[in-house]
Amino acid sequence: EVRLARSRHAVEGEGYPAAVEEVHKNQSEGLYRPFADFAVGELTKRFDVSPLLLKGELRNMVARDGLTSIQNKAFESSKIRCFRSTCINGGSSLQVLNVAGLARPEYDIPIFCADFFSTADRNIIVLDLNPLYSTSTNKYYKEKYYDNLLPLSKKHMEVLTWGGKVTAESVQFFSPLVLWTKAKDQNLQQTLYPAFQDYLLAWFSILDAAQPTVNSEAIAKNQEAQHRYLTWRATKDPGRPLLTRLYGEELSEKYIEEYLFQGLKTLGTKTFLDYFPEYRAEDNTVRQQRSMVGKSFFTRPWDEHGNFHID
Ligand code: BLA
């Protein structure tokens, strides 16, 4: 395996390239490409990573419209099981960034999650350090990873305000730091880009400081928590229908299993219905609905101390 030169992707200077609007218009690289470049640049600069090679048909995915491009990159390191960055550029009608960072199971550190979906007239944005364990029932976990980051997230929350209706099922995967927004009429390069940088660097700092556990029970738990998360997302991710439209059923299933939610087939053997039995239909298939609880959160359910409140 080829090691990446550490400085290869380094981003020169700080901030967002001034020409990004132009780039977006020209549809050459897309709205989120500077985000992806920053993520990969910082990752390779800070950690001793090796690229994870994509298999066969996942290497050069071609969208059915022949125009939408996709850039996939994935890495691992001694502490990182998988860090992957995906950038979809479909011109002014479709821009997607999806970045995920999952540590090895010797660490209980949160999952880095950036899910940005933009069209000409709307943005759907989730940026978070998704918790492996509930921050409302596990105060130790909340204190360990989140309390000291609340001030950092506060300034971004004030700009990137709560995006409205989101299901209870999604909220259980979110942390008190989550930025869930539909940020309209905003300069994302001035609002979202700094938040993305802050959250990513915060995740890197957590990783830097992390010490592996040797407790096999703790390792197994961390692994199952990641598996449960991946199982949820691989089955219920709202991006699914779009991926199927772009790449067809077969390729997108492969992409979801082996790349986007890699670990699904290797970290555990439990099924979606084992983790989420409330989704079992009478014929034992998985119910199509995204929410069974039926509760939605219209406002941010955490207070400024990161405590969860149900109104
Ligand atoms: C919508 N994506 C959403 C929404 C959320 C998320 C909360 C809006 C609310 C909803 O429709 O449920 C993201 N949901 C999450 C995350 C978790 C969760 C991160 O439970 C758990 C951690 N998004 C992508 C990719 C695509 C994508 C790769 O990450 C497409 C290729 C698209 N997300 C996408 C689309 C919608 C969406 C198209 C709108 C779906 C709709 O309006 O029906």
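What follows is a walk through the ligand site of this predicted model and the pocket that holds the ligand.

Some ground rules first. Residues are numbered from 1 along each chain as its sequence is written. Because the model is predicted, local features need pLDDT of at least 70 and side-chain atom pairs count only at pLDDT 80 or more, while totals for chains, interfaces and linings use all residues; side-chain values use heavy atoms, with hydrogens and water left out.

Let's start at the ligand. Around it stand 23 residues, each with a heavy atom within 4 Å of it. The closest are Asn98, Asp115, Ser170, Pro238 and Arg290. By class, this shell has 15 nonpolar, four polar and four charged residues (Ala, Val, Leu, Ile, Met, Phe, Trp, Tyr, Cys and Pro count as nonpolar, Asp, Glu, Lys and Arg as charged, and the others, Gly among them, as polar).

Now for the polar contacts, which are pairs of N or O atoms within 3.5 Å. In the side chain of Asn98, a polar atom lies 2.5 Å from a ligand oxygen. For Ser170, the separation between a side-chain N or O atom and an oxygen of the ligand is 2.7 Å, and for Trp232 a polar side-chain atom is 3.4 Å from a ligand oxygen. The protein covers 86% of the 860 Å² of accessible area that the ligand has on its own (Shrake-Rupley method, 1.4 Å probe).

Stepping back, the ligand takes up the space of the largest pocket. A pocket here is an open set of points, on a 1 Å grid over the protein atoms alone, where a 1.4 Å probe fits and protein lies on both sides within 12 Å along at least five of seven lines; lining residues have an atom within 4 Å of a point. Its volume is about 950 Å³, the space filled by probe spheres set on the points. Of the 37 lining residues, Asp115, Ile124, Asp237, Pro238 and Gly239 are the closest to the centre. Helix α9 gives the most to this lining, with six residues (helices are DSSP runs of H or I, at least four residues).

Conventions
Polar contact = N/O pair within 3.5 Å; in protein donor to acceptor, adjacent residues only side chain to side chain. Sits in = over half its atoms within 2 Å of the grid points. Helix = DSSP H or I, 4+ residues; strand = E, 2+ residues; numbered from the N terminus.
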